Amino acid sequence: MHPMLTIAVRAARAAGQTIMRAYTELDRIEVSSKGINDFVTSVDKEAEATITYQIRKSYPDHTIVGEEKGENRGENKDYVWIVDPLDGTNNFVRGIPHFAVSIALQYKGKTEVAVVYDPVREELFTAVRGKGAKLNDFRLRVTNVNELAPTMIGTGFPFKARQHTETYMAIFGEVFGQCADLRRAGSAALDLAYVAAGRLDGFFEIGLKPWDIAAGDLICREAGGTVTDFTGNHNYLVSGNIVAGSPKVTTELVKIMRPLLNEGLKR
């Protein structure tokens, strides 16, 4: 195993243990608001501290960018860990068993290692650039479909960016009219991992953050998927607007979206 993947897996599993201990005592969790419809719990913070500790033990000089504590700069700025300790916090606090730990490592701007860990199902999605993607010990491949009609597409509502509601609903309506079904499960990291595993044929969402996307992006691409922004370009880690799926599905989704985009989503 890639040595940095070993550390990422160790950190993800340790954070998963922290999360699952708290999941049995949800009534004792402290929840606070970071912004409109944006919540953080004491568990997010504890899980991020656990991940940071595991990384720092092996790589004390690396930079870590976490959802809760922001950028923790190390002396070595070539290596950057991008961490979401609990993707799907709203599911977690309501007792809905669908959330994940997401960890990605970038070297000089390219994502090299990725882990998405679902501690409820004990499913570990991993990827190393150029080496493929796995679920536990099994290789992953996106589905091989050539049209939208039989597909199941994942999505996420823009609940933190409601200025895009009208455009999003127009896209939703067009996609729903052409695919078999749509799902909104509440964890973008898992949605991207599910595309890689062939459980979803595609996925799109508006206004995500790098820590929501970075690990799932590499896992999806290493499973043969195509990942773009809403215009078919590759600015999604900056814009947060992402489309992923098997190559043909991604192409078809972008084709639907392009004529419907407002100016804010064309960047």
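**Close-up views of strands, rings and helices**

**View 1. Val65 meets its bridge partner, Ile82, in strand 5.** This is a predicted model, where local features need pLDDT of at least 70 and side-chain atom pairs need 80 or more, while totals for chains, interfaces and linings take in all residues. Residue numbers start from 1 along each chain as its sequence is written, and side-chain values use heavy atoms, without hydrogens or water. Helices (H or I, at least four residues) and strands (E, at least two) are DSSP runs counted from the N terminus. Look along strand 3 (residues 62–66), and you'll see its pairing with strand 5 run in the parallel sense over five bridges. (Pairing here takes at least two DSSP bridges between two strands.) Thr63 belongs to this ladder too, with Val80 of strand 5 as its bridge partner.

**View 2. Strand 3 is mostly covered, with five of its five residues buried.** Buried stands for under 20% relative accessible area, exposed for over 50% and partly exposed for what falls in between (1.4 Å probe, protein chains only). His62, Ile64 and Gly66 point one way from the strand. Thr63 and Val65 point the other way, and these are buried as well.

**View 3. Strand 3 and strand 4 make a hairpin, with three residues between them.** Strand 4 (residues 70–72) runs antiparallel to strand 3, and three bridges join the two. To find your way around the hairpin, start at Gly66: across from it stands Gly70 of strand 4.

**View 4. Strand 5 and strand 6 pair up in the antiparallel sense.** Seven bridges hold this pairing. One of the spots to look at is Asp87, whose bridge partner in strand 6 is Ala100.

**View 5. Tyr79 and Tyr107 form a tilted ring pair.** Searching the whole structure turns up 11 aromatic pairs. In this one the ring centres are 4.6 Å apart and the planes stand at 40°, so it goes down as tilted. (Phe, Tyr and Trp rings, the six-membered one for Trp, pair with centres within 6.5 Å; planes under 30 degrees apart are stacked, over 60 edge-to-face, and the rest tilted.) Tyr79 comes from strand 5 (residues 76–87) and Tyr107 from strand 6 (residues 100–107), so the pair ties together parts 28 residues apart in sequence. Both rings belong to residues that show some surface: Tyr79 is partly exposed at 21% relative accessible area, and Tyr107 is partly exposed at 29%.

**View 6. Tyr168 and Phe204 make another tilted pair.** Here the centres sit 5.9 Å apart, with the planes at 35°. Tyr168 is part of helix 4 (residues 165–178) and Phe204 part of strand 13 (residues 202–205), so this contact ties together parts that are 36 residues apart in sequence. Tyr168 is buried, at 1% relative accessible area. Phe204 is buried too, at 0%. Zoom out a little and these two turn up in a cluster: ring pairs link Phe157, Tyr168, Phe172, Phe176 and Phe204.

**View 7. Five strands build an open sheet with mixed pairing.** Reading across, the strand order is 12-11-13-15-14. Strand 12 (181–183) and strand 14 (226–228) stand at the edges with a single partner strand each, so one side of each has no neighbour in the sheet. On average, neighbouring strands of this sheet are turned by 15° against each other, direction ignored. At the strand 12 edge, strand 11 (residues 152–156) runs parallel to strand 12, and three bridges join them. Met152 has its bridge partner, Asp181, in strand 12.

**View 8. Helix 1 and helix 2 are roughly antiparallel to each other.** The axes of helix 1 (residues 3–23) and helix 2 (residues 42–58) come within 9 Å and cross at roughly 155°. (Axes are lines fitted to C-alpha atoms, for helices over the stretch in contact; angles run from 0 to 180 degrees between N-to-C directions.)

**View 9. Helix 4 is oblique to helix 8.** The axis of helix 4 comes within 9 Å of that of helix 8 (residues 247–257), and the two cross at roughly 135°. (Under 35 degrees is roughly parallel, over 145 roughly antiparallel, 65 to 115 roughly perpendicular, and the rest oblique.) Helix 4 is also where Tyr168 from View 6 lies.
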